Amino acid sequence: MPTLLRLAVCLFPAVTALDYQGPMEMLGFLSPQNLEKSVGEFPTEPSYSIEADYLSHTMDPVAPMSGPHVVPTGSYSTTEKQYDIILVPGGPGARPDAVPRELLAFIKRQAPGLKYILSVCTGSWILAGAGVLDGKRATSNKSVFKELKEATAHLQITWVPKARWVVDDNNKLWTSSGVTAGQDMANAFLGHLVGKEHAEIIRNIVELSVKQIDNDEFAEHYGLVA
């Protein structure tokens, strides 16, 4: 029987939908419901299953930057769960001074008990504002990289300019570059969590052509490296 991990997807107004939908399309293969349907697709039963909640600061539908509204399954203030994983996406409003304060409080409250922290795009800027990147290595969307680095210069964060994703803190902290990089990170995370064989099966089902961890053409495009 796979060990159940509880995952919270952190939503907020103007979130970029693909930031979380891309990774969740892959991580969702490990949901208990989907594992029941996938008997025979995996050579062995995965070690872990993942049950996801979609949280916001209210129970009102969340309007993303584009795409349909999303109905949360819970709120930051009322959930009593200690999660094992959080996934923090980015978006135009993904700044510590712009996102709901309940989100920052939730991350701070959850961080000590989390097994894994994942962020996509400017979701790492939210993590920085919650104080969980202090003393860590991380990356983010390269189009706002200089602005982000300047805004967090007072914090002890090593921002990695050329990286598709970055793993730090003994594999607890996973941060990816912009939007589509979240799927590359999710593929690598699945390899870490349930093994490369299972991750490769999922990758082939969704037909994802993955980039490697340092394959980052956008760092050069935005002049972040020579």
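# Exercises on a predicted model

The UniProt annotation "domain: DJ-1/PfpI", from an unreviewed entry, covers residues 49-190; UniProt positions follow the numbering used here, feature names are shortened, and annotations may be inferred rather than shown by experiment. The model is predicted, so local features need pLDDT of at least 70 and side-chain atom pairs count only at pLDDT 80 or more, whereas totals for chains, interfaces and linings use all residues. Residues are numbered from 1 along each chain as its sequence is written, and side-chain values use heavy atoms, with hydrogens and water left out.

**Exercise 1.** Describe the secondary structure content of residues 49-190 and the separation of the end C-alpha atoms.

Solution. Helices (H or I, at least four residues) and strands (E, at least two) are DSSP runs, numbered from the N terminus. Over residues 49-190 the chain is 24% helix and 21% strand. The end C-alpha atoms of this stretch lie 11 Å apart.

**Exercise 2.** State how many salt bridges the whole structure holds, then analyse the pair lysine 136 and aspartate 169.

Solution. A salt bridge requires a side-chain nitrogen of Lys or Arg within 4 Å of a carboxyl oxygen of Asp or Glu. The search of the whole structure finds eight. In one of them, lysine 136 bonds with aspartate 169, with the closest N and O atoms 3.2 Å apart. Lysine 136 belongs to the loop between α4 (123-129) and β6 (137-138), and aspartate 169 to the loop between β8 (165-168) and β9 (173-176), so the pair ties together parts that are 33 residues apart in sequence. For accessibility, buried means under 20% relative accessible area, exposed over 50%, and partly exposed in between (1.4 Å probe, protein chains only). Aspartate 169, at 28%, therefore counts as partly exposed.

**Exercise 3.** Determine whether the partners aspartate 184 and arginine 164 are buried or exposed, and where they lie.

Solution. The salt bridge between aspartate 184 and arginine 164 has its closest N and O atoms 2.6 Å apart. Aspartate 184 lies in helix α6 (residues 181-194) and arginine 164 in the loop between β7 (158-159) and β8, so this bridge ties together parts that are 20 residues apart in sequence. Aspartate 184 is buried at 3% relative accessibility. Arginine 164 is likewise buried, at 5%.

**Exercise 4.** Find the number of disulfides and account for cysteine 10 and cysteine 121.

Solution. A disulfide is a pair of cysteine sulfur atoms within 2.5 Å. By this rule the count is zero. For cysteine 10, the nearest cysteine sulfur is that of cysteine 121, 15 Å away. Cysteine 121 is also in no disulfide. Cysteine 10 is buried with a relative accessible area of 0%, and cysteine 121 is buried with 5%.

**Exercise 5.** Characterise the pairing of β8 with β9 and the surroundings of serine 176.

Solution. Two strands pair if DSSP finds at least two bridges between them. β8 and β9 pair in the antiparallel sense over four bridges. Aspartate 168 stands opposite leucine 173 in β9. The two strands, β8 and β9, form a hairpin with four residues between them, and aspartate 169 in the turn has a positive phi of about 60°. Serine 176 is placed in strand β9 and is buried, with a relative accessible area of 0%. Contact means heavy atoms within 4.5 Å. Not counting residues up to four places away in sequence, serine 176 touches residues including Cys121, Arg164 and Met185.
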